Amino acid sequence: DYITNNLSRKIMGKMFLEHPGGTRLYSCAKCSTVLTNRANLLSTRFTGSTGRAFLFKKVVNLSMSEKQDRIMLTGRHIVRDVSCKKCKSRVGWMYEYATEEQQRYKEGKVILERALIAEINGIEEI
């Protein structure tokens, strides 16, 4: 089984997906489940195992792995891999803890790897 973030829930065995709204959305490249929107994008200047990666302040519809201790380009971090809640495809990771003070801004934020997500049009808000 998997650990879900506090935004996901199961009621009577059915999985309910969240929708962040917005005119530009980021979704799982494999199953098109919406994960976040452009308003939550903090930076496009990150690198993941598949290449370019984006830092977001809020992402929904994720499953998370157990905490892992990783040495990354910017130092030692405690992270969790994150996967699409619907299809279980890995899409990036979440920063739990940064050992270096100047990296602490990443804590609680999510990296989505560009190759594993799609950017799609949302709905114009009235």
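This is a short dialogue between a student and a tutor about reading a predicted model.

Student: Where should I begin, and how many helices and strands does the chain have?

Tutor: Begin with the overall make-up, and keep in mind that the model is predicted. The chain has zero helices and 13 strands. Read from the N terminus, every element in the run is a β.

Student: How much of the chain is buried?

Tutor: Of the 126 residues in the chain, 40% are buried. It also helps to look at how far apart in sequence the contacting residues are. Taking contacts between residues at least 6 apart in sequence, 49% join residues that are at least 24 apart.

Student: Which residues does M94 touch, beyond those up to four places away in sequence?

Tutor: M94 sits in strand β11. Its partners are M64, I78, V79, R80, V82, G108, K109 and V110. M94 counts as buried because its relative accessibility is 11%, and buried means under 20%. You can also compare sequence and space: M94 and F56 are 38 residues apart in sequence, while their C-alpha atoms are 9.5 Å apart.

Student: And L41, is it buried or partly exposed?

Tutor: L41, in strand β6, counts as partly exposed because its relative accessibility is 21%. Setting aside residues up to four places away in sequence, L41 touches Y26, F54, L55 and F56. L41 and K58 are 17 residues apart in sequence and 8.2 Å apart in space, C-alpha to C-alpha.

Student: I usually look for disulfides early on. How many are there by the distance rule?

Tutor: The idea is to check the gap between cysteine sulfurs, with a cut-off of 2.5 Å for a disulfide. By this rule the count is zero.

Student: Why is C28 not bonded to C87?

Tutor: C87 holds the cysteine sulfur closest to that of C28, but the gap is 3.6 Å, so the pair is too far apart for a bond. C31 is in no disulfide either, as its nearest cysteine sulfur, in C84, is 3.5 Å away. For their surroundings, C28 is buried at a relative accessible area of 1%, whereas C31 is partly exposed at 21%.

Student: Now for polar contacts. Which side chain makes one with the side chain of H77?

Tutor: For a case like this, find the residue's element, then its burial, then its partners. H77 lies in strand β10, residues 75-84, and is buried at 1% relative accessibility. Its side chain makes a polar contact of 3.0 Å with the side chain of T74. Beyond neighbours within four places in sequence, H77 is in contact with Q68, D69, R70, M72, Y95, Y97, A98, Q103 and K106.

Student: Q103 appears in that list. Where is Q103 placed?

Tutor: Q103 is in the loop between β11 and β12. Even so, a loop residue can be buried, and Q103 is one such case, with a relative accessible area of 12%. The side chains of Q103 and K106 are joined by a polar contact of 2.5 Å. Apart from neighbours within four places in sequence, Q103 is in contact with T74, H77 and A98.

Student: What about backbone angles? Which loop holds S32?

Tutor: S32 is in the loop between β4 and β5. Its phi is positive, about 70°, although S32 is not a glycine. N61 is another non-glycine with a positive phi, of about 65°. N61 lies in the loop between β7 and β8, and is buried with a relative accessible area of 1%.

Student: Last topic: pockets. What is the volume of the largest pocket?

Tutor: Rolling a probe the size of a water molecule over the atoms shows where empty space is left. Here, the largest pocket has a volume of about 250 Å³. Its lining has 17 residues, and T47, M72, L73, W93 and Y95 are those nearest its centre.

Student: Which strand gives the most to the lining of the largest pocket?

Tutor: That is β6, with four residues. Strands β6, β9 and β11 each supply at least two residues of the lining. Sorted by class, the lining has seven nonpolar, five polar and five charged residues.

Terms used. Residues are numbered from 1 along each chain as its sequence is written. This is a predicted model: local features need pLDDT of at least 70, side-chain atom pairs count only at pLDDT 80 or more; totals for chains, interfaces and linings use all residues. Side-chain values use heavy atoms; hydrogens and water are left out. Buried means under 20% relative accessible area, exposed over 50%, partly exposed in between (1.4 Å probe, protein chains only). A polar contact is a pair of N or O atoms within 3.5 Å; within protein, one must be able to donate a hydrogen and the other to accept it, and residues adjacent in sequence count only if both atoms are side-chain atoms. Contact means heavy atoms within 4.5 Å. On a 1 Å grid over the protein atoms alone, a cavity is a set of points where a 1.4 Å probe fits but cannot get out, and a pocket is an open set with protein on both sides within 12 Å along at least five of seven lines; lining residues have an atom within 4 Å of a point. Grid points are joined across faces, edges and corners, and a volume is the space filled by probe spheres set on the points. Ala, Val, Leu, Ile, Met, Phe, Trp, Tyr, Cys and Pro count as nonpolar, Asp, Glu, Lys and Arg as charged, and the others, Gly among them, as polar.
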